[in-house]
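Subject: Structure handover

Hello,

Here is the structure I promised to pass on. Please open it beside this email and follow along.

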Amino acid sequence: MTDQVLHEVVLDDDAPVDEITEATRRSFLQGITGAGVAGVGAALFGGGSVLSTFVSARPAMAAPSGYLVMDPALCTGCRTCMVACSTYNNNGEASMELARIFVPRNPTHSTWERDKPVNYEPRPCLQCDDAPCVNVCPVGAIQTDHKSGTNARVIDQHACIGCRRCIDACESAYEIPRIQFDEARNKANKCHLCGGNPQCVNWCPNHAINFVSTDEFTPRTKRSQGRTVNIENDYRIVRNEDRILELGYPQEP
Amino acid sequence: MAKGLSGYTGRLLHIDLTTGKIETFGTEPYVERFLGGRGIMAKLHWDTINHKPKRVAAFDAENPFVIMTGPLTGSLAPTSGRTECSTISPMTYPDECYMPSSFGLHFGPELKFAGYDGMVIIGKADRPVWILINDKKVQIRDGRHLWGLDMMDAQESIWKELSDRYRNTQILATGPAGENLVRSAAIMHGTSAGAGQGGFGAVWGSKNLKAVAVRGTGSVKAGNPEALMKISKEAHRLIYRPDERPESWKNVSAFHRVGWSFYQKQGLKGWEWLKKNTSKAEACFGCPLACHIFVEIPDKKGRMTAGKCNQMSWYLKSVVARHGKPTDDYWRASQMGDALGMNAFEMIGNIPWLAKCAKEGILTDKEIGLKMADIGTLDFAEKLVDMITYRKGFGDILAEGAPRAADIIGKGQHLLPHFNRGFAQHWNPWAWSPIALFWATDNRHPQTPIHQLYWTFRMMTKGTYPKSGWLKEKEVAHIAKELFGTTKAIDYSDENYFDPIHAKTAKWAQDGDIGMKRSTILCDYGPFPIYASWFVGKEKKFRPEHPSPELEPLMVNAATGRELIADGNHGMKMGERFWNLERAIAMREGRTSKDDKLADYMHKKKKKGTVTGPGGKTIKINRTIDRAGFEGLKIAYYKERGWDVTTGHPTRKTLERLDLKDVADQLDKENLLPKA
């Protein structure tokens, strides 16, 4: 049977727009994020023309200092990472849309067998070496964060024109785009590894998200649309030992 | 977000299903006095019905159904995922009364992200409908294609309809039990969360409402984000983290281990079954505890579902009694009940009652329509759930709830295992007198104040639930002394069972629970109240200094950015205000001290147990609850609350002390206030 809307109301926007300003949302460059990242923004914006850094055939970017590595078997779907990310990076705003990490959910399905999907899995940015998002940005707003030392791929919020091409590019490689769009400001947001102290790792109560240094961890890669992108940093794939055994139940309490 | 109202969205929805009118109104006027959750909910209910000259029945179109979040919902505060709802319940016995109930997972936070602190649903639709809230767009949609689906299919169907691949839309739905007005039908969310007690599904059924779906892309701003992050982090640290948990608890809900070790000790051998069949833990929004657990046994439609606690195990005892150990059958029974929207607690009461009636020859197999000798088989459970859900045969009578069923058939009342107000047995009043007071005075199954009191003593309790008690006897005694000035507060020996100190602890637990947990909203089952000053260091070493539940008020103040909880008493005055407001609602419904009672058999039947005795020592008991003694304790409780001792009603003085002058005036107008 076709669905029918019987009554509908689209409520007036009574939320004062002046509260959602550039200034309040721009915590990316504010103290709460830490000095390291603040330096990046200033350097990118202040250090001459942003556009001049844009070249179409750019060499692969420097590898990040570490990767966010997941263990879906430990994820309980509580979305603490998402609320921690948005609170920290958006000046105290709790929001699922502004979070730069996403936990897809399927509450009626569960299994933690190898290579099978599980119901809750954190999906953060994988900081690809040859990131599709970087290459499609028409204004070169996605840069490597050298200043904080993380080499994370970050979006210069002043340069971003809100065209969403980075989101589409990521989506074509990963299905779930890792870049979020801030409708109120018309800017794209992405994970910047919180200047080296990723809050999702810091807050995950189950250690399902880990920040692993590049020395210890090399992500596997795949080809997508002519680009080399990282494969999901997932313990089920990257670790040799059988996580199921490792996580197996202990003796009777 | 309204200006200056951090921690809230500032808007409440009012949906009239009869006229299809959808309006909003502000949260601001309620915040200062009623905080959120159960506080604002009671006020909304009061405001909606207090001008009605006659009593509103559960299935009346004008019965308001209220859903509320609190200032901490959707925030970084741990366990901030719960949602409260209330209505006039068809389940409470003997009368249909106002009752709150709550559920977990992700509905409440999503509602706040959509821009609403809560909603009032009123009226009755002319055909099955469902409500879709998508940020500013609110729709009442035709739900005829959803009618008849079980609660999981209904959710899947809505996700499909909205092309919501990642199931970001949070849906609250009722199953066929609700549609068929089964008085205990639940409203369910996800696979395992639901407001079970109260029969709210049936209220939805009577309103022709199948589901409420919410998708929110907005945000809620904290008033003082730095403080909120700092305090929440501290709370996180004090709640278990895997690196601080024993290695053996990794990934498995801590509470499950506690609960199942309890089953193990009871000879139910749950542990082996749990080890074999469960996989992942599932958590509500922002919760580090993850008390739901997925069971790797798909149901008939191939769906994996999660379970917890009593909801998961209402058929466990029957199965173990039959097979000597748990089999998959008990889980399949629970899965089926959940999907159809049955309240598990109702089954906990129904099965023993039916078994006893059959044993005493009050009901025959033919009358019931089931072979009672088959208890413990899957077939029996499936038939029982099916006949209640679809009101087939004797199920039509059972669907009224066991206490009403006994009245209908005119026999078997003396065999009801229910404690009070039509709610099945849970927790043990024989052991702890505050529990007896909770059962007598609450407007529902008093699970949450019980959690409040026994989490305070972190005992659950030492000696009673072996290995799950955290504290040593002398530490428990110390806490009692710090909080209540005497170790008598945890002395449940025969001599001290009716000591007035237990009236004090009962009031303290009720106020703390309703104020700081169910209105803020934090989980009642979770770790709160957290006494940060009690534990230091990673190993949570007990530090016997002055305990106080300081984190919760601090989190509320940080989230709202103002001194909402400033009574210097950790929100106890707030809690007391809400408790008195709920009592005022009950007074209008005709509740008096005569209704504050325990089931008759509790005064006659002896029960054994292990409790804390003098000085926190573990002692054994074997007793009935003396009727006169209990009446004395009840009067001590009324005095403690500042209520009239004969009627059990709050006096004007008490109400005015709690800034409820408007409520007192209204009661006065209706001639309900006790004479001075």
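Below is what I found in it, by topic.

One caution before the details: this is a predicted model.

**Domains of chain B**

Chain B splits into domain 1 (11–215), domain 2 (226–415) and domain 3 (433–669). I looked at how domain 1 of chain B meets domain 3 of chain B. Their centres, taken over C-alpha atoms, are 28 Å apart. The contact involves 32 residues of domain 1 of chain B and 25 residues of domain 3 of chain B. On the domain 1 side, two elements give two or more residues each: α2 (37–49) and β5 (98–103) of chain B. The most comes from α2(B), with seven residues. By class, that side of domain 1 has 10 nonpolar, 15 polar and seven charged residues.

**α2(B) against α23(B)**

Now the helix pair that involves α2(B). Its partner is helix α23 of chain B, residues 572–588. The two axes come within 9 Å and cross at roughly 30 degrees. Angles under 35 degrees count as roughly parallel, so α2(B) is roughly parallel to α23(B). The crossing of α2(B) past α23(B) is left-handed. From α2(B), the contact uses B:R38, B:G39, B:A42, B:K43, B:H45 and B:W46. From α23(B), it uses B:M574, B:F578, B:L581, B:E582 and B:I585. Together these residues divide into six nonpolar, two polar and three charged.

**α18(B) against α21(B)**

Next, a helix pair further along chain B. Helix α18 (residues 433–441) and helix α21 (residues 501–517) of chain B have axes that come within 9 Å. They cross at roughly 55 degrees, which makes α18(B) oblique to α21(B). Here the crossing is right-handed. On α18(B), the contact residues are B:S433, B:P434, B:L437 and B:F438. On α21(B), they are B:H502, B:A503, B:T505, B:A506 and B:A509. This contact has six nonpolar, three polar and no charged residues.

**The seven-stranded sheet**

Which strands make up the open sheet of seven strands, and in what order? The order is β1(A)-β8(B)-β7(B)-β12(B)-β9(B)-β10(B)-β11(B), with mixed pairing. Note that β1 is from chain A, and the other strands listed are from chain B. The edge strands are β1 (5–10) of chain A and β11 (193–195) of chain B, each paired on one side only. Neighbouring strands are turned by 15 degrees against each other on average, direction ignored.

Within this sheet, β7 (residues 129–134) and β8 (residues 137–142) of chain B run antiparallel and are joined by six bridges. To find your place, look at B:L132: it stands opposite B:Q139 in β8(B). Helix α3 of chain B, residues 107–114, lies across β7, β9 (170–174), β10 (187–189) and β12 (209–215) of chain B. This helix runs at about 60 degrees to β12(B).

**The three-stranded sheet and a hairpin**

Chain B also has an open sheet of three strands, in the order β14-β15-β16, with antiparallel pairing. Its edge strands are β14 (278–282) and β16 (305–307). The twist averages 40 degrees from one strand to the next. Three bridges join β15 (residues 292–295) to β16(B). There, B:I293 stands opposite B:G307.

Strands β19 (607–612) and β20 (618–623) of chain B are antiparallel, with six bridges between them. B:T610 of β19(B) faces B:K620 in β20(B). Five residues lie between the strands of this hairpin, where B:G615 takes a positive phi near 65 degrees.

**Backbone points to check**

Please look at these places in the backbone:

- B:Y93 to B:P94 is a cis peptide bond, with omega near 5 degrees. B:P94 lies in the loop between β4 (83–88) and β5 of chain B.
- B:T520 and B:I521 are also joined by a cis peptide bond, with omega about -10 degrees. B:I521 is in the loop between α21 and β17 (535–536) of chain B.
- A:R79 is not a glycine, yet has a positive phi of about 60 degrees. A:R79 sits in the loop between β2 (66–70) and α3 (80–89) of chain A.

Best wishes

Definitions and conventions
Residues numbered from 1 in each chain as written. Chains lettered and ligands numbered in written order. Predicted model: local features only at pLDDT ≥ 70, side-chain atom pairs only at ≥ 80, totals over all residues. Pairing = 2+ DSSP bridges. Helix = DSSP H or I, 4+ residues; strand = E, 2+ residues; numbered from the N terminus. Axes fitted to C-alpha atoms, helices over the stretch in contact; angles between N-to-C directions. Contact = placed C-beta atoms within 7 Å. Domains from an automatic or database assignment. Nonpolar A, V, L, I, M, F, W, Y, C, P; charged D, E, K, R; others polar. Parallel < 35°, antiparallel > 145°, perpendicular 65-115°, else oblique. Left-handed = near helix turned anticlockwise from the far one by under 90°.
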